[in-house]
Amino acid sequence: GPAAYAMGQRMADKFIERQRRPRDYRVINDPFLQKVAQVYRANIQGAPTKSVAKHFQVKDRMASKYVDKARRAGYLPKTKQGQKKA
């Protein structure tokens, strides 16, 4: 139906949009995660995850994933739920 079509269209648009982004924004490797940690730390007083989202031009949820991966890689300290640490 129309809802399924709209969803497919949205996914296609997202895919195209992702391909347009500079490649290094999509490759999640150590230098990328170090940069995520750097941006996060630089904005610890404000909204660090939002700053990561802005910097890498991704949605907040994706930025959270980046931050999470940076933590797991050891570039940011572990946190307790709801506490910012850099």
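Here is a quick briefing on the fold, the aromatic cluster, helix H3 and one pocket of this chain. Keep in mind that the model is predicted. The chain has four helices and zero strands, and 22% of its 86 residues count as buried. Phe32, Phe56 and Tyr66 are linked by ring pairs into a cluster.

**Overall layout**
- Reading from the N terminus, the elements go α-α-α-α.
- Take the contacts between residues at least 6 apart in sequence: 48% of them join residues at least 24 apart.
- About 6,400 Å² of the chain is exposed, and carbon and sulfur atoms supply 54% of that.

**Aromatic cluster**
- Searching the whole structure turns up three aromatic pairs.
- One of them is Phe32 with Phe56: the ring centres sit 4.9 Å apart with the planes at 50°, so this pair counts as tilted.
- That pair links distant parts of the chain, with Phe32 in helix H2 and Phe56 in helix H3, 24 residues apart.
- Phe32 also pairs with Tyr66, this time edge-to-face, at 4.8 Å centre to centre and 85° between the planes.
- Because Phe32 belongs to helix H2 and Tyr66 to helix H4, the pair ties together parts that are 34 residues apart in sequence.
- As for burial, Phe32 has 5% relative accessibility, so it falls under the 20% cut-off and counts as buried.
- Tyr66, at 3% relative accessibility, counts as buried too, and so does Phe56.

**Helix H3**
- Helix H3 spans residues 48–56, and its buried residues are Pro48, Ser51, Val52, Ala53 and Phe56.
- What do the buried residues of H3 pack against? They pack against helix H2 (30–42) and helix H4 (60–72).
- A handy reminder when looking at helix positions: an α-helix has 3.6 residues a turn, so residues three or four places apart point the same way.
- Right after H3 comes Gln57, which has a positive phi, near 55°.

**Second largest pocket**
- If you're after open space, the second largest pocket has a volume of about 150 Å³.
- Its lining is made up of Tyr40, Thr49, Ser64, Val67, Asp68, Arg71, Lys78 and Thr79.
- Which helix gives the largest share of the lining of this pocket? That would be H4, with four residues.
- Sorted by class, the lining of the second largest pocket comes to two nonpolar, three polar and three charged residues.

Methods
Residues numbered from 1 in each chain as written. Predicted model: local features only at pLDDT ≥ 70, side-chain atom pairs only at ≥ 80, totals over all residues. Heavy atoms only, no water. Buried < 20%, exposed > 50% of the residue type's maximum accessible area, 1.4 Å probe, protein only. Helix = DSSP H or I, 4+ residues; strand = E, 2+ residues; numbered from the N terminus. Contact = heavy atoms within 4.5 Å. 1 Å grid on protein atoms, 1.4 Å probe; cavity = no way out; pocket = protein on both sides within 12 Å on 5 of 7 lines; lining within 4 Å. Points joined across faces, edges and corners; volume = space filled by probe spheres on them. Nonpolar A, V, L, I, M, F, W, Y, C, P; charged D, E, K, R; others polar. Areas by Shrake-Rupley, 256 points an atom, 1.4 Å probe, with all protein chains shown as cover. Phe/Tyr/Trp six-rings, centres within 6.5 Å; stacked < 30°, edge-to-face > 60°.
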